[in-house]
Every structure is written in structure tokens, then in C-alpha cells.
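Q: I would like to learn how to read salt bridges in a model. Where should I begin?

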Amino acid sequence: MTLYQHNFPAIPEETLRAATSMYGRGNIYLRLGDSLDRLIAGLNWSENKPRPAEGWAFDATIRYMLLTVVQYVEELSNMQVREALHSRVDLKYALHMPMANPGF
């Protein structure tokens, strides 16, 4: 089993400014975005665990995993989580996505 070393892309400056001006630092998704590198640093990838589909970036896999957690916690349908990612600045911050990104 090997420890996966990966630095997630930085939070885009525009997303950082918009999210902190709207939410401050107390928002749970802003705290998640600030801790993301630390959270993924402990992921163990073994040969027995499934890998992302060919051509998928590790970043996209982490984003989908986190969106699944958000969907569960907020009890959102697939369409609702898609709309939330499109419209919510705090989720874009948590996932280190640019403001102009419409989602997945």
C-alpha cells in the first residue's frame, strides 16, 4: 500500500475573494476547502482499490467524492447537487473550482 502524495490545485483567486466576502471564514465548506490538501494527504491507494476511469484526473475523482458527501449531508437529488455546484460559491470554494466553471 502506498501513500498518495498530491497537492490539489489552489483555490482560484476570484473564488477565494467571492466566497470570503459572502461567507467569511466560518462556513463549513470554506473550512473544507482550506483543509483539502491535508485531508487528501492521508489517502492510501493500494492495488486492490479501484482506480478512476482511464483519462480521469485524481482531482476530478476527489471532487466527485466530496460532492457525494455534500449530496448525502444536504439530502439533495442528483439534479439538486448539480444545480448547487453551478450556483453556490461555497461549494466551488470547497472544491477549488473557478467561479466561471459551470460544474461537472
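**Reading the salt bridges**

A: Begin with one residue in this predicted model: Arg-88 counts as partly exposed, because its relative accessibility is 22%. Arg-88 takes part in a network, in which salt bridges with shared partners join Glu-74, Arg-88 and Asp-90.

Q: What is the general idea behind such pairs?

A: Side chains that carry opposite charge can pair when their charged atoms come close. In this structure there are three salt bridges.

Q: How far apart are N and O in the salt bridge of Glu-74 and Arg-88?

A: The distance is 2.8 Å, N to O. Glu-74 lies in the loop between helix H3 (58–73) and helix H4 (78–87), and Arg-88 in the loop between H4 and helix H5 (89–94), so this salt bridge ties together parts 14 residues apart in sequence. Glu-74 is partly exposed, at 27% relative accessibility.

Q: Is Asp-90 buried or exposed?

A: Buried means under 20% relative accessible area; Asp-90 has 4% relative accessibility and therefore counts as buried. Its salt bridge with Arg-88 has its closest N and O atoms 3.1 Å apart.

Q: Which residue forms a salt bridge with Arg-17?

A: The partner is Glu-13, with 3.7 Å between the closest N and O atoms. Both residues belong to helix H1 (residues 13–23); they are four residues apart, which means a separation of about one helical turn. Arg-17 is partly exposed at 48% relative accessibility, and Glu-13 is likewise partly exposed at 48%.

Terms used: Residues are numbered from 1 along each chain as its sequence is written. This is a predicted model: local features need pLDDT of at least 70, side-chain atom pairs count only at pLDDT 80 or more; totals for chains, interfaces and linings use all residues. Side-chain values use heavy atoms; hydrogens and water are left out. A salt bridge is a side-chain nitrogen of Lys or Arg within 4 Å of a carboxyl oxygen of Asp or Glu. Helices (H or I, at least four residues) and strands (E, at least two) are DSSP runs, numbered from the N terminus. Buried means under 20% relative accessible area, exposed over 50%, partly exposed in between (1.4 Å probe, protein chains only).
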